[in-house]
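Colleague: I'm new to this, so could you go through the structure with me? I'd like to know what the labels rest on.

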Amino acid sequence: MAGKPKLYYFDGRGKMESVRWLLAAAGVEFEEEFLETREQYEKLLQGGSLLFQQVPLVEIDGMKMVQTRAILSYIAAKYNLYGKDLKERALIDMYVGGTDDLMGFILMFPFLSAEDKEKQRALIIQKATSRYFPAYEKVLKDHGQDFLVGNNFSWADVHLLEAILMVEEKKADVLAGFPQLQAFKARISSIPTIKKFLEPGSQRKPVPDDKYVETVRSVLRMYYNIKAS
């Protein structure tokens with residue numbers, strides 16, 4: 001029997017958080033090794049585990065996988081969260097791609113200056129409410145189904161819920177004008193595996209704090225300042 005997937009990353013969200021979400025949604029238990037020092041990171045580099053010299057790194061099914069999208073695609077396919085045919089997979093890829101674009105505005109947020117954070121917060125809300133949420137609202141309204149693709153729970157649903165909750169951390173009532181997304185959020189949050197992941201004590205990571213930022217900067221030797229989009 002194969003062992004549990006093992007995740008190598010920082011003790012925080014970053015690009016690994018979507019991997020945690022998807023594994024949790026599939027009901028898969030996983031282990032984590034947190035990078036806290038430059039030495040740990042260099043050991044992975046020297047051992048040849050980081051193909052492109054970057055984390056996330058996930059050990060699964062005898063493979064050492066890097067590149068977040070590849071990891072997520074593999075997990076989605078392995079656990080039947082990737083549609084029933086090529087057309088559904090294409091739709092899932094399309095919706096996940098849009099959600100990724102929105103998440104990109106949020107991932108850099110903890111590394112910005114206080115002034116740039118306020119600018120970025122406004123940009124995140126603007127992009128979410130004028131571009132991304134209207135698109136998903138329309139998809140749900142047009143097909144009248146519970147899920148984004150094929151009326152079956154998929155990676156696209158997991159990714160969208162993660163993004164919604166991330167934006168709500170920036171503006172609690174951001175879904176006020178989106179009734180379809182409000183109902184979607186309630187439905188997906190009530191799925192047993194998702195509900196469990198949202199409960200206190202799970203492996204879901206909190207909003208990144210200063211300690212997380214300092215650790216990432218130290219391990220990756222990020223001596224430069226990130227600017228707002």
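**Salt bridges and two domains**

Modeller: Sure! Searching the whole structure turns up 19 salt bridges. Keep in mind that this is a predicted model, where local features need pLDDT of at least 70 and side-chain atom pairs count only at pLDDT 80 or more, while totals for chains, interfaces and linings use all residues. Residues are numbered from 1 along each chain as its sequence is written, and side-chain values use heavy atoms, with hydrogens and water left out.

Colleague: What makes lysine 205 and aspartate 11 a salt bridge?

Modeller: The rule asks for a side-chain nitrogen of Lys or Arg within 4 Å of a carboxyl oxygen of Asp or Glu. Lysine 205 and aspartate 11 come to 3.6 Å, N to O, so the pair passes. Lysine 205 sits in the loop between helix H8 (192-198) and H9, and aspartate 11 in the loop between strand E1 (6-9) and H1, 194 residues apart. Helices (H or I, at least four residues) and strands (E, at least two) are DSSP runs, numbered from the N terminus.

Colleague: Why is lysine 205 called buried?

Modeller: Buried means under 20% relative accessible area, exposed means over 50%, and partly exposed is in between, using a 1.4 Å probe and protein chains only. Lysine 205 has 8%, so it counts as buried. Its partner aspartate 11 has 47%, so aspartate 11 is partly exposed.

Colleague: How do you know that arginine 13 and glutamate 169 pair up?

Modeller: Their closest N and O atoms are 2.8 Å apart, so they meet the salt-bridge rule. Arginine 13 is buried at 9%, whereas glutamate 169 is partly exposed at 31%.

Colleague: And what makes aspartate 146 and arginine 187 a link between parts of the chain?

Modeller: Aspartate 146 lies in the loop between helix H5 (114-143) and H6, and arginine 187 in helix H7, so the pair ties together parts 41 residues apart in sequence. The N to O distance of this salt bridge is 3.7 Å.

Colleague: How do you know where the domains are?

Modeller: The bounds come from an automatic or database domain assignment. This assignment gives domain 1 (6-79 + 198-220) and domain 2 (86-190).

Colleague: What makes residues of domain 1 and domain 2 count as in contact?

Modeller: Contact means heavy atoms within 4.5 Å. By that rule, 21 residues of domain 1 are in contact with 19 residues of domain 2. There are 3 salt bridges across the interface. Aspartate 93 also forms a salt bridge with arginine 69, with the closest N and O atoms 3.4 Å apart.
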